[in-house]
Amino acid sequence: PEQEADEYTENLFDEMMSRPCGEDDVGDPAALAEQAQDAGIDRYALLSLMKLRNIAMWTSCLCQVWEQQLISFILHEARLEGVEYRKEDIGKGFSFAKEVFAEYDVVFENLACWPKVRELRDLVNVLKHAEGPSSQRLRKTRPDYFAFDTGSGKYDRLSMYHTTLGEETLNIDDAEMRDYCAALLAFWDEVPEHMMLL
């Protein structure tokens, strides 16, 4: 966003300066530079927010795909064994999946990847709902997501704007998404190939 906004500012200023002007329309280069700079700042804010929204969307989608994989896996394996679950139970989503895996002695909290997966789920909830219990947990595990440098210290912008998608209030980037992908892959690696009902 910074590079694109800088290029936009330069191109806009060049365009303003190359416009022909009449006798009564003598443009002040300093005023034109300020107008171009203001437009560039607006462009940067828009691009930066759009980048955050894209990362948020892909991160949320990543988590939702994994949660759907859990349910799909359970239902596929259950069908092979002739087991049927009630629709009401399946409708509980993630909590249903946790319960079923626990019945087969796979307790999510005991997996090495769980802290990172839990962090991902908290982040997705913060992206969806902004503030709440997930944001409080995430502030403890990833305070860097909330800390914006104001020049005179760090500031939590979420506590000011109360939104994660309307303003740039989280410091997340695509590197985190790659880490979350790795954690979800590690989850499937940690699940035993054969699970027996307790």
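**View 1. The buried Asp-122 and its salt bridge to Arg-137.** In this predicted model, Asp-122 has a relative accessible area of 3% and is therefore buried, the limit being under 20%. Asp-122 forms a salt bridge with Arg-137, in which the closest N and O atoms lie 2.9 Å apart. This pair connects distant parts of the chain, since Asp-122 belongs to helix H5 (residues 114–129) and Arg-137 to helix H6 (residues 133–141), with their positions 15 residues apart in numbering. Arg-137, in contrast to its buried partner, is partly exposed at a relative accessible area of 33%.

**View 2. A network of salt bridges from Arg-86 to Glu-99.** Arg-86, Glu-88, Asp-89, Lys-92 and Glu-99 are joined into one network by salt bridges that share partners. Within the network, Glu-88 pairs with Arg-86, the closest N and O atoms being 3.9 Å apart. Glu-88 is exposed, with a relative accessible area of 53%, and Arg-86 is likewise exposed, at 52%. A further salt bridge brings together the side chains of Asp-89 and Lys-92, at 3.8 Å from N to O. Lys-92 counts as partly exposed, its relative accessibility being 41%. The count for the model comes to 15 salt bridges.

**View 3. The buried side of helix H4.** Helix H4 spans residues 94–103, and its buried residues are Phe-94, Phe-96, Ala-97, Val-100 and Phe-101. These residues lie on the same side of H4 because they cover an arc of only 155° around the axis. An α-helix has 3.6 residues a turn, so residues three or four places apart point the same way. Asp-105, which follows H4, has a positive phi, near 65°.

How values were computed. Residues numbered from 1 in each chain as written. Predicted model: local features only at pLDDT ≥ 70, side-chain atom pairs only at ≥ 80, totals over all residues. Heavy atoms only, no water. Buried < 20%, exposed > 50% of the residue type's maximum accessible area, 1.4 Å probe, protein only. Helix = DSSP H or I, 4+ residues; strand = E, 2+ residues; numbered from the N terminus. Arc of directions from axis to C-beta. Salt bridge = Lys/Arg side-chain N within 4 Å of Asp/Glu carboxyl O.
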